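Q: Before turning to the model, may I ask for guidance on how the open and enclosed spaces of a protein are to be read?

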Amino acid sequence: MQQLFFQCWHILTNKAFLILLLIINIAGTIYGYYWYGYQLASTEPIFYIFVPDSPTASLFFCFAIIGWLLGKNFKLMEVLALITLIKYGIWAVVMNLLTLAETGSIGPTGWMLVFSHFMMAVQAVLYLPKYRFQFWHIAVAAIWTLHNDVIDYVFGQMPYYRVIDQFANQIGYFTFWLSIVCIIIAYFTYKRGNYLHEL
């Protein structure tokens, strides 16, 4: 089992694989911002940065990968990527499954969103051993994440899911606690990293 882990880790950290992963994430980021185009068109400029949640999460991860390829750790980008990839990856899966429960179908596009967002969360977890962020990076990322929730559910800038708009309050509550769980994951990743460095 340990040998299998090291073989998988060798593949995940291989430069060619990281470049491929970077290309995939860049393409996904571009498509994500395009996807949000219709919502951004009716959004006040002051909220632009807070609307396209998932593509911004994958953009953070792009910067993290670039750092690894350069032999560096862009620590703030790493923790922002970890928290937001897990958060919005899981969030989008849940929202699409809730839409499925309400309508009985989400079509090929909906299932594509389920798969792609699930893989967003998976890639964030796969690279846990690579992150080198400190506590203050987590604090900044936590502020960003929770502030984004306020913008989404207090100022009404959440992603459009018209079929499940009736559950906006419940979705906002779920999203807040999802943010908290993701921040806790980042904290324990930081604590684990400190522990391993002390061995």
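Q: How do the residues lining the second largest pocket divide by class?
A: One begins by sorting the lining residues into nonpolar, polar and charged classes. In this predicted model, the lining of the second largest pocket comprises nine nonpolar residues, one polar and one charged.

Q: Which residues form that lining?
A: The second largest pocket is bordered by Phe-5, Cys-8, Trp-9, Leu-12, Val-125, Leu-126, Leu-128, Pro-129, Ile-185, Thr-189 and Arg-192. Arg counts as charged, and Thr falls among the polar residues.

Q: Which helices supply at least two residues each to the lining of the second largest pocket, and what is its volume?
A: Here the lining is assigned to elements. The helices in question are α1 (2–12), α6 and α8 (168–198), with α1 giving the largest share, four residues. The volume of the second largest pocket is about 170 Å³.

Q: How much space lies in the largest pocket, and how many residues line it?
A: The largest pocket holds about 950 Å³ of space, and its lining consists of 42 residues. Nearest its centre lie Met-112, Leu-113, Ser-116, His-117 and Met-120.

Q: Which element gives the most to the lining of the largest pocket?
A: That element is α6 (107–126), which contributes 12 residues. At least two residues each also come from α2 (15–35), α3 (37–40), α4 and α5.

Q: What is the make-up by class of the lining of the largest pocket?
A: The same sorting applies. The lining of the largest pocket contains 26 nonpolar residues, 14 polar and two charged.

Q: How does a cavity differ from a pocket?
A: A pocket is open, whereas a cavity is a space in which a 1.4 Å probe fits but from which it cannot get out. In this structure there is one cavity of 30 Å³ or more. The largest cavity has a volume of about 40 Å³.

Q: Which residues line the largest cavity, and from which helices do they come?
A: The lining is made up of Ile-49, Pro-52, Asp-53, Thr-56, Ala-57, Phe-60, Thr-84, Tyr-88, Trp-144 and Asn-148. At least two of these residues come from each of α4 (53–69), α5 (75–103) and α7 (135–153). The largest share, four residues, belongs to α4.

Q: How many residues of each class line the largest cavity?
A: Its lining has six nonpolar residues, three polar and one charged. The charged residue is Asp-53, since Asp counts as charged.

Definitions and conventions:
Residues are numbered from 1 along each chain as its sequence is written. This is a predicted model: local features need pLDDT of at least 70, side-chain atom pairs count only at pLDDT 80 or more; totals for chains, interfaces and linings use all residues. Side-chain values use heavy atoms; hydrogens and water are left out. On a 1 Å grid over the protein atoms alone, a cavity is a set of points where a 1.4 Å probe fits but cannot get out, and a pocket is an open set with protein on both sides within 12 Å along at least five of seven lines; lining residues have an atom within 4 Å of a point. Grid points are joined across faces, edges and corners, and a volume is the space filled by probe spheres set on the points.
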